[in-house]
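Please open the model in your viewer, with a cartoon for the backbone and side chains ready to be switched on. The stops below say what to select next and what is to be found there.

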Amino acid sequence: MSDFDAQVQKLIPAEVNMISGSHDSQTSADVYNVSQFQLPDPKGRAGGACTSAVLKVLYNDSQEPSEQLTWVTLLRRMRSVLNSMGFDQIPQLTSSRMIDVNKPMYIVPPNANGMKRAILIGINYTGQRGQLSGCHNDVDNISEYLQKVHGFEATNMLRLVDNGVDHAPTHANIMSAFSRIGDYSKAGDVVFLHYSGHGSRVPDRDGDEDDGYDETLVPVDFERSGQIVDDDILRKLVKPLAAGVTMTCLMDCCHSGTVLDLPYRFTADGDVW
């Protein structure tokens with residue numbers, strides 16, 4: 001293990017892997033007819049292109065038990081699905097570890113023996129500028145997949161959705177959920193985080209971004225409470241997770257390539273770390 005790898009493990013004890021639908025400089029697509037992705041029993045017609053693509057690949061893999069999906073295969077198949085539907089966004093993986101992307105990927109590792117928890121965030125920004133249409137459906141579809149394929153229980157899923165029924169996806173509620181998942185999670189636990197909504201960029205405030213911008217998530221009350229900056233996500237969500245916790249994140253939003261500020265990166269357009 002290199003000195004850099006050892007330093008990363010000290011700063012980020014958990015294994016965290018994030019799938020994003022686009023590079024930091026790219027936008028992501030809201031799809032108005034997800035039936036073209038041929039998902040099993042999709043919830044609603046609209047959805048995010050990234051969420052729909054990853055679900056298509058993961059469902060196909062769950063039906064082919066003889067073939068173990070790898071990270072690199074997931075990204076390349078996502079890219080192929082997106083291209084076939086006319087989308088040019090490039091899926092990307094970032095990680096807290098220098099993983100071998102040609103080895104099997106796991107949302108629930110074989111040695112996981114603890115709780116399975118999920119935070120599912122879907123924001124349509126109803127009645128606001130930039131209103132979306134598919135983010136609520138994305139949450140429903142991810143929830144169904146996690147329960148059917150990986151045995152997550154609905155009672156251990158926190159839904160933050162601007163539908164007047166679930167908890168509101170406000171700045172305060174999202175940051176509280178990030179903090180509490182770190183408090184709850186212990187070695188052997190599994191966490192899945194899904195975000196479907198707007199992402200953005202703001203000028204880098206501390207000089208740690210090569211492109212000069214911090215990536216952000218956009219809560220439903222962003223006009224009043226501001227955006228959620230990647231530095232704060234790293235501090236509140238990623239770093240507090242205990243060693244032995246495995247967290248997989250799916251970020252279906254614009255400018256999301258490095259929104260968790262994880263140190264290792266792999267893309268589907270050039271296989272570059």
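## The whole chain

Begin with the surface of the entire chain, whose accessible area comes to about 11,600 Å², with 47% of it belonging to carbon and sulfur atoms. What is shown is a predicted model, and the chain in it has 273 residues, of which 55% are buried. Colouring by secondary structure brings out seven helices and twelve strands. If contacts are drawn for pairs with a separation of 6 or more, 73% of them join residues that are 24 or more positions apart.

## The seven-stranded sheet

Select next the strands β6, β5, β7, β11, β1, β4 and β12, which in that order form an open sheet of mixed pairing. At the edges are β6 (157–161) and β12 (264–267), each of which pairs on one side only. Going from one strand to its neighbour in this sheet, the turn averages 10° when direction is ignored.

Within this sheet, look at β1 (residues 15–20) beside β4 (residues 92–95), where four bridges join the two strands in the antiparallel sense. To place yourself on this pairing, select Ser20, whose bridge partner in β4 is Gln92. Then add helix α3 (residues 71–84), which lies across β1, β4, β11 (246–252) and β12 and runs at about 15° to β1.

## Strand β7 and its neighbours

Which sense of pairing joins β7 to β11? Select both strands, and the pairing is seen to be parallel, with seven bridges; Val190 stands opposite Thr246 in β11 and can serve as a marker. Strand β5 (residues 116–122) also pairs with β7 in the parallel sense, over seven bridges, and here Gly122 stands opposite Ser196 in β7.

With β7 still selected, show its side chains and ask how many of the residues of this strand (residues 190–196) are buried. Seven of the seven are, so the strand is largely enclosed by the rest of the structure. Both faces are covered: on one side Val190, Phe192, His194 and Ser196 are buried, and on the other Val191, Leu193 and Tyr195 are buried as well.

## Aromatic pairs

A search of the whole structure finds three aromatic pairs, and two of these are visited here. Select Phe4 and Tyr264, which form an edge-to-face pair with 5.8 Å from centre to centre and 85° between the planes. Because Phe4 lies in helix α1 (residues 3–11) and Tyr264 in strand β12, the pair ties together parts that are 260 residues apart in sequence. Phe4, at 45% relative accessibility, counts as partly exposed, whereas Tyr264, at 6% relative accessibility, counts as buried.

Move next to Tyr59 and Tyr145, an edge-to-face pair whose ring centres are 5.2 Å apart and whose planes stand at 85°. Tyr59 belongs to helix α2 (residues 49–62) and Tyr145 to helix α4 (residues 135–150), and the pair links these distant parts of the chain, 86 residues apart. Are these two rings buried or exposed? Tyr59 is buried, with a relative accessible area of 8%, and Tyr145 is buried, with a relative accessible area of 3%.

## Helices α5 and α7

Two packed helices are described by the angle between their axes and the distance between the axes. Select helix α5 (residues 171–184) together with helix α7 (residues 230–238), whose axes come within 7 Å and cross at roughly 40°. Showing side chains at the contact brings up Met175, Phe178, Ser179 and Ile181 in α5, which meet Asp232, Ile233, Lys236 and Leu237 in α7. By character, the residues of this contact between α5 and α7 divide into five nonpolar, one polar and two charged.

## The three-stranded sheet

For the last stop, select β8, β9 and β10, which form an open sheet in that order, with antiparallel pairing. The edge strands are β8 (199–203) and β10 (228–229), each pairing on one side only. Strand β9 (residues 213–217) and β10 are joined by two bridges in the antiparallel sense, and a suitable residue to select here is Leu217, whose bridge partner in β10 is Ile228.

Conventions:
Residues are numbered from 1 along each chain as its sequence is written. This is a predicted model: local features need pLDDT of at least 70, side-chain atom pairs count only at pLDDT 80 or more; totals for chains, interfaces and linings use all residues. Side-chain values use heavy atoms; hydrogens and water are left out. Two strands pair if DSSP finds at least two bridges between them. Axes are lines fitted to C-alpha atoms, for helices over the stretch in contact, and angles run from 0 to 180 degrees between N-to-C directions. Contact means heavy atoms within 4.5 Å. Buried means under 20% relative accessible area, exposed over 50%, partly exposed in between (1.4 Å probe, protein chains only). Accessible areas come from the Shrake-Rupley method with a 1.4 Å probe; for residues, only the protein chains shown count as cover. Rings of Phe, Tyr and Trp (its six-membered ring) pair if their centres lie within 6.5 Å; planes under 30 degrees apart count as stacked, over 60 as edge-to-face and the rest as tilted. Ala, Val, Leu, Ile, Met, Phe, Trp, Tyr, Cys and Pro count as nonpolar, Asp, Glu, Lys and Arg as charged, and the others, Gly among them, as polar.
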